[in-house]
Amino acid sequence: MTIDRATALDLYRVMRTIRSFEERSTQLFGENKIWGTIHSYAGEEAIAAGVCAHLRDDDWITSTHRGHGHCIAKGADLGKMFAELLGRETGYCRGRGGSMHIADTSKGNLGANGIVGGGIPIATGAALTAQQLGTDQVAVSFFGDGAANQGTFHESLNLAAIWKLPVIYVCENNQYAESLPVKRAFAVENIAVRASGYGMPGVRVDGRDVRAVHEAAREAVARARSGKGPTLLVADSYRHEGHYYGDPRKYQTKDEIEGWRKRFDPIADARAWIVADRLAGVADLDAIDLSVVGEIDRAVAWAEEGPPASPIKLPDDVYAT
Amino acid sequence: MPPKTDTTAEPTPGAGGHSPPTREMFYSEALNEALRLEMERDERVIVIGEDIAEHGGAFQVTAGLLDRFGPTRIRQTPISEIGIVGAAVGAALTGLRPIVELMYVDFSGLAMDQVVNQAAQNRFMFGGQARVPMVLRTQGGSGRGNAAQHSKSLEAWFAHVAGLKLVMPATPADAKGLLTAAIRDDNPVIFLEHKLLYRTKGAVPEGEHVVPLGQADIKREGTDLTIVTWSREVLFALEAAGRLAELGIAAEVVDVRTLVPLDKGALLASVRKTHRLLVVHEAIKRAGYGAEIAAMIAEEAFDELDAPPKRLAGLDTPIPYAQHLEKSVVPQVEDIVAAAKELVG
């Protein structure tokens with residue numbers, strides 16, 4: 001598989017932005033500036049970056065409680081994301097949603113979701129809209145291995161298959177549903193085999209390799225866009241952090257965590273192959289890192305300047321008028 | 001069965017000639033007509049649900065629509081309640097105006113996450129970024145021997161969720177007008193029909209007929225007590241009011257029609273006139289919507305009341321099967337008469 005310099009650097013930049021966003025969020029949480037709960041996407045960046053590279057602004061995604069990465073990869077404004085986490089009026093949801101409900105409908109992001117598997121039927125419905133109105137838009141549902149055991153997974157994949165809907169189901173197998181390891185949650189080793197039960201292609205990729213995700217997603221998106229129907233794409237991955245910020249991770253050993261973190265880092269991998277393939281030099285990559293940190297700094301500064309979300313008009317947002 | 005078209009149109013009596021002509025039709029036909037007219041008016045309107053195509057829906061509400069609009073707009077599904085409702089949420093968020101038919105309200109538990117955590121809250125959670133213009137049509141109620149899993153009245157579940165609207169029409173005319181308004185509304189609307197109303201008949205305005213959400217209707221005027229009710233119990237209350245009149249008691253029957261938003265003004269005005277409140281519903285009494293109405297009246301018009309507000313509602317049991325048992329757990333006409341006499345006496 002070949003990938004050009006521009007694409008490689010775009011993918012790298014998106015992944016680095018997600019990682020930096022998560023690092024800064026964690027820091028802000030530690031400073032008690034963010035409250036509630038946040039779920040870090042660190043380690044899984046290659047999936048959101050590789051898939052969303054094929055999407056247009058008018059394509060739709062549904063995301064998860066671990067949704068910062070999808071939001072960023074779909075083109076969200078970092079300042080408005082931080083503002084949301086900080087409970088500001090200038091946040092994406094004006095402080096009503098927080099980390100687990102960030103949405104950016106202007107970019108087709110139909111929202112993070114606090115319910116495991118909650119976004120799967122919604123993406124299916126978005127694909128129904130595209131089919132019904134005869135557009136070539138597609139929908140992508142991101143969800144974890146945990147959601148693959150919800151009833152919504154079964155019902156939605158079946159509906160999409162019988163109707164040939166333009167939707168891509170992206171299962172991010174990060175090895176744990178909260179604390180339950182996949183080995184104890186699935187009797188099959190490869191989640192992608194479930195696709196054959198619905199009559200759609202099931203593709204398993206290495207979620208550490210953004211090139212592999214990018215390639216598999218290209219095919220799945222093209223298939224959906226051309227009216228050939230849905231695909232289940234399963235990306236094997238690993239989350240570097242706990243389920244949520246502050247998770248004591250009693251279900252994992254220190255050795256496992258450290259070993260995986262070293263072995264499984266899509267960003268370190270990308271640096272290595274980008275340099276080895278002579279697509280860019282170390283200095284180019286370092287420059288991107290520096291630029292991303294600057295962008296994050298400016299986004300946080302902008303967010304912190306925003307006024308606290310106002311409670312005055314809360315009831316006005318319940319119903320559309 | 002397709003909508004009847006051969007009935008003679010007749011003007012609404014006493015309407016000064018300005019009201020549109022009406023036609024006698026079944027409640028199910030009135031709903032069918034609303035669906036057909038709205039689908040003709042707006043191509044974004046689709047119907048999605050089980051057995052709604054050739055079969056015409058379990059209660060024949062979508063009869064004939066497949067032939068008129070084809071299988072993509074009359075989108076028949078496998079038995080997948082949460083998949084169907086969730087797809088409707090996603091479709092509504094992205095530009096369609098889907099109408100879901102769930103065969104029985106008792107099945108809504110299977111779909112409840114998409115109703116409560118998604119449809120109802122998306123707009124709020126997203127800070128106003130989204131609209132979810134969908135209607136969830138389903139039916140409930142007892143009286144057909146369908147027993148506990150097919151006979152409940154679950155309006156209180158939905159009324160307790162911020163972000164939903166809740167409609168329960170009692171007459172064919174209201175069924176048509178309220179469904180039209182629900183389809184045009186930009187919010188998720190729960191539209192609860194009653195299985196024993198489908199074969200009731202009434203005069204229904206021809207052509208476009210919109211009954212705005214949030215307006216109660218005084219179905220019979222009176223001065224001695226206010227009976228507030230909805231859905232099938234409206235018919236029972238009207239019959240009871242007739243018997244009460246023979247006893248010299250003038251009962252006013254207020255059909256709330258829309259439980260959310262509730263037309264508080266109409267209810268308060270009626271109670272200020274009659275000074276007595278009887279709330280009647282088929283759903284079980286405990287934490288039923290009648291408690292909300294009684295509490296609202298007590299809070300806002302306590303000084304107007306000549307007697308404590310009274311609730312007449314279903315027993316706190318599942319709906320039993322045998323005909324006489326089934327009748328015994330929900331308010332019947334004679335129960336309303338007795339409760340009204342007690343309240344006035």
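The following exchange takes terms applied to this predicted model and sets them against their definitions.

Modeller: The model is predicted, so local features need pLDDT of at least 70 and side-chain atom pairs count only at pLDDT 80 or more, while totals for chains, interfaces and linings use all residues. Residues are numbered from 1 along each chain as its sequence is written, and chains are lettered from A and ligands numbered from 1 in the order in which they are written.

Colleague: Why is Asp51(B) called partly exposed?

Modeller: Asp51(B) has 15 other C-beta atoms within 10 Å. A residue is buried at 20 or more such atoms and exposed at 12 or fewer, with C-beta atoms placed from the backbone. The count of 15 lies in between, so Asp51(B) is partly exposed. Asp51(B) belongs to the loop between β3 (45-49) and α2 (65-73) of chain B, and its phi is near 60°, a positive value in a residue other than glycine.

Colleague: What makes Gln60(B) partly exposed?

Modeller: Gln60(B) has 19 other C-beta atoms within 10 Å, and buried starts at 20, so Gln60(B) is partly exposed. The loop between β3 and α2 of chain B holds Gln60(B), whose phi is near 65°, again positive in a residue other than glycine.

Colleague: How do you know that β3(B) and β5(B) pair?

Modeller: Strands are DSSP runs of E with at least two residues, helices are runs of H or I with at least four, and both are numbered from the N terminus. Two strands pair if DSSP finds at least two bridges between them. β3(B) and β5 (residues 97-101) of chain B are joined by 5 bridges, so they pair, and they run parallel. Gly49(B), for one, has Glu101(B) in β5(B) as its bridge partner.

Colleague: What makes β4 and β13 of chain B edge strands?

Modeller: The open sheet has 7 strands in the order β4-β3-β5-β6-β8-β7-β13 (chain B), with mixed pairing. β4 (74-76) and β13 each have a single partner strand, so one side of each is left without a neighbour in the sheet.

Colleague: Which residues of chain A count as being in contact with chain B, and how many are there?

Modeller: Contact requires C-beta atoms, placed from the backbone, within 7 Å. By that rule, 33 residues of chain A are in contact with 35 residues of chain B. On the chain A side, α5(A) gives the most, with 10 residues.

Note on methods. Contact = placed C-beta atoms within 7 Å.
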